[in-house]
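Trainee: I have this model open on my screen and would like a close look at a single part of it. Could you pick one strand in the middle of things and walk me through what surrounds it, then step back to the rest?

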Amino acid sequence: MPEMIWHHTLQKIRDCGVQGFVYLAVLLVSAVFVWMLADLVRGGFAHLSWEFMTESPRDAGRAGGIASILVSTVLILLVALVTAVPLAWATAVLLTEFVPVTSPLGKTVRFSLFVLAGVPSIVFGLFGNAFFSIYLGLGFSILSGGLTLACMLLPILTSTAEAGLRAVPETYRLSAAALGITRTAALIHLIFPAAAPALAAGLLIGIGRALAETAALLFTSGYVDRMPGSLFDSGRALALHIFDLSMNVPGGDMPAYASALVLVSLLLCINILAMKLAYSLQRRKILT
Amino acid sequence: MFRKNSYLLICLILLSGVAAGLVLLSTAPASAATQRLVLTGSSTVAPLVSEIARRFESLYPGVRIDVQAGGSSRGINDVRKGVADIGMVSRALKPDEDDLRAFTIALDGISLIVHASNPVVSLSKQQVVSIFTGNVMRWSAVGGPDTRITVVNKAEGRSTLELFLDYFQLKNSMIKPHIIIGDNAQGIKTVAGNRNAIGYVSIGAAEYETRRGMPVRLLALDGAAASISNIQNGNFPLLRPLNLVISHEPQDLARQFLTFAQSPQVRDLVKAQYFVPVDAH
């Protein structure tokens with residue numbers, strides 16, 4: 001009897017230990033985020049103002065705002081997404097719905113995507129500079145920057161979309177087939193909505209990586225901080241602006257902090273919005 | 001009901017994307033009709049030239065000047081290949097670069113910096129060489145505390161590095177660095193965060209940061225204090241010209257810009273970026 005009690009308490013202690021460890025991990029992870037955010041707010045909030053959001057940078061970014069930088073960033077991101085998302089999701093559909101998992105084609109595509117995902121961004125930058133800027137003659141432009149980013153986003157978007165589509169239960173596809181719904185219709189009305197949160201999560205990781213990119217953009221979309229007039233103009237991305245301010249411009253720390261705060265807030269807003277959209281899409285589609 | 005709506009929504013988003021793209025594309029010919037000048041090169045010179053370009057654009061409407069950073073070597077390559085009209089090079093041209101012509105727009109000195117808590121105030125040429133080649137490993141050997149020296153060197157291809165090596169007659173392979181850095185501000189932050197570090201950066205940037213309370217100190221070199229006034233009167237030995245370079249006879253616009261960048265009209269911009277105007281001494 002005492003042995004059993006002893007055993008019981010031992011188990012209890014172990015449970016508590018594990019639980020404590022899990023809570024500690026959660027605390028640490030969120031502490032990193034809170035610390036970073038607090039540091040940004042502390043350093044950048046005082047510099048933030050309406051003028052900062054609506055003016056173009058002056059005096060190498062020490063004065064003025066980031067309006068032109070924001071416009072360039074959004075344009076680069078749009079070009080990248082408009083190019084990469086259809087390609088990536090179409091590839092994911094091919095890999096999950098039309099090709100068996102073990103087929104040579106599927107394996108080859110998947111392998112090349114893995115390799116592409118591991119390529120450092122500076123390599124994409126050099127490739128983008130050589131191919132889009134020089135070979136295709138796009139020069140330093142938002143277009144070549146966006147297309148370079150699109151190449152970088154392809155593996156992330158494809159693999160997350162593939163995982164999401166694969167996670168949709170096979171019974172959905174079988175039931176759809178039994179009801180005589182065509183493959184395309186089942187894909188659009190059933191499988192895509194069911195996978196919507198996964199697709200949105202992938203999209204968010206992609207957007208996050210695109211917004212954070214500096215190395216690939218320095219050689220493609222360039223360093224010009226003027227308001228872009230067209231997609232063929234060079235435009236400085238927000239992350240590159242932050243890098244330049246903090247590393248190359250003496251006295252650029254305050255605007256760098258403020259710009260970083262804007263970047264993080266932008267990411268947070270996009271995250272929350274996309275998650276909300278994805279879940280509501282999933283609920284509506286599947287419940288009706 | 002919902003299905004139709006969300007279809008409509010997706011179609012709308014796609015359409016608006018395409019429409020936005022078309023609008024932006026269609027505006028391209030209009031902007032291509034304006035005159036354009038592309039400058040690439042040294043990231044030290046890029047912020048200054050961006051400001052000069054902004055003033056030039058406001059004086060000559062219809063001109064667009066694109067300034068791209070990436071290092072002096074890239075400026076020289078791009079000018080030779082014709083990718084850029086003008087290159088930015090933050091050092092004097094070398095003998096094997098005599099195919100290019102340089103126009104000096106400003107001067108910049110390079111100073112050794114240490115943490116503000118370090119008691120060392122001056123180093124001789126020989127001491128600097130011993131520290132950077134790893135022969136002297138502790139501060140106590142040059143009059144400091146008994147701690148290990150952290151040597152901060154510049155990355156390959158930076159013209160600050162080339163100038164430093166040239167002045168001290170070193171080769172980069174002889175230097176035993178503990179930290180390798182890129183731009184000036186990064187060097188200052190690295191030294192400010194390490195009590196035992198020694199590095200070298202642009203004097204203008206360092207003076208500015210020390211005035212704002214960054215804990216670094218500029219070291220005197222061979223008895224000459226590292227200050228902007230000593231660069232101006234030519235007393236500080238370690239200085240470099242900031243150049244704009246071209247490979248062939250410039251077109252009208254490029255020539256106009258080169259003249260403008262050397263004119264007294266931009267002297268306040270040069271000073272605002274903590275460099276020394278050329279005609280000052």
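Mentor: Happy to; what follows starts from one strand of chain B and works outwards to chain A.

Please keep in mind that this is a predicted model. The part to look at is strand E11 of chain B, residues 239-246. Is this strand enclosed or open? Six of its eight residues are buried, so E11(B) is largely enclosed by the rest of the structure.

Let us see what does the enclosing, beginning with the neighbouring strands. Strand E3 of chain B, residues 86-89, runs antiparallel to E11(B) and is joined to it by three bridges. To find that pairing on your screen, look for Met88(B), which stands opposite Leu244(B) in E11(B). Strand E4 of chain B, residues 101-115, is also antiparallel to E11(B), with eight bridges between them. Here a handy landmark is Ala102(B), whose bridge partner in E11(B) is Val245(B). As you trace these strands, it helps to remember that side chains in a regular strand alternate between the two faces of the sheet.

Two helices of chain B bring us back to E11(B). Take helix H4 of chain B, residues 72-81: its buried residues are Ser72(B), Arg74(B), Gly75(B), Ile76(B), Asp78(B) and Val79(B). Notice that this list includes Arg74(B) and Asp78(B), both of a type counted as charged. The cover over the buried residues of H4(B) includes E11 and E3 of chain B, along with strand E1 (35-41) and helix H6 (159-168). Right after H4(B) comes Gly82(B), with a positive phi near 85°.

Now turn to H6(B) itself. Its buried residues are Ser159(B), Thr160(B), Leu161(B), Glu162(B), Leu163(B) and Phe164(B). Among the elements covering them are E11, E3 and E4 of chain B, and H4 as well. Strand E6 (150-154) and strand E8 (197-202) of chain B also belong to that cover. Just past H6(B), Gln169(B) takes a positive phi of about 50°. Most residues other than glycine have a negative phi.

Stepping back, chain B as a whole contains eleven helices and twelve strands. Of its 281 residues, 40% count as buried. If you take the contacts in chain B between residues at least 6 apart in sequence, 72% of them join residues at least 24 apart.

Chain A is built from other proportions: twelve helices and two strands. Along the sequence its pattern reads α-α-β-β-α-α-α-α-α-α-α-α-α-α. Buried residues make up 41% of its 288 residues, and its C-alpha atoms fill a box of roughly 75 × 60 × 35 Å along the principal axes. The domain assignment splits chain A into domain 1 (2-47) and domain 2 (51-287), and the centres of these domains are 32 Å apart, taken over C-alpha atoms. Seven residues of domain 1 are in contact with eight residues of domain 2. On the domain 1 side, those residues are four nonpolar and three polar, with no charged ones.

For a spot in helix H1 of chain A (residues 2-44), try Val22(A). Val22(A) is exposed, because just 10 other C-beta atoms lie within 10 Å. Its C-alpha atom is 28 Å from that of Leu199(A), 177 residues away along the chain.

The loop between strand E1 (57-58) and strand E2 (63-64) of chain A is worth a visit too, and Asp59(A) lies in it. Asp59(A) has a positive phi of about 50° although it is not a glycine. Ala60(A), in that loop as well, has a positive phi of about 60°. Asp59(A) is partly exposed, with 18 other C-beta atoms within 10 Å, whereas Ala60(A) counts as buried, with 26 C-beta neighbours inside 10 Å.

Finally, how do the chains meet? Their contact takes 28 residues from chain A and 33 from chain B. Helix H3 (67-98), helix H11 (238-247) and helix H12 (253-287) of chain A each supply at least two residues of chain A's side. That side divides into 15 nonpolar, nine polar and four charged residues. The largest nonpolar core has 136 residues, and those with the most contacts inside it include Ala84(A), Leu157(A), Leu39(B) and Ile113(B). Ala84(A) touches Ala150(A), Leu153(A), Leu154(A) and Leu157(A), leaving aside residues up to four places away in sequence.

Terms used. Residues are numbered from 1 along each chain as its sequence is written. Chains are lettered from A and ligands numbered from 1 in the order in which they are written. This is a predicted model: local features need pLDDT of at least 70, side-chain atom pairs count only at pLDDT 80 or more; totals for chains, interfaces and linings use all residues. Two residues are in contact if their C-beta atoms, placed from the backbone, lie within 7 Å. Helices (H or I, at least four residues) and strands (E, at least two) are DSSP runs, numbered from the N terminus. Domain bounds come from an automatic or database domain assignment. A residue is buried if 20 or more other C-beta atoms lie within 10 Å of its own, exposed if 12 or fewer, and partly exposed in between; C-beta atoms are placed from the backbone. Two strands pair if DSSP finds at least two bridges between them. A nonpolar core is a set of buried Ala, Val, Leu, Ile, Met, Phe, Trp, Tyr and Cys residues joined through C-beta atoms within 7 Å.
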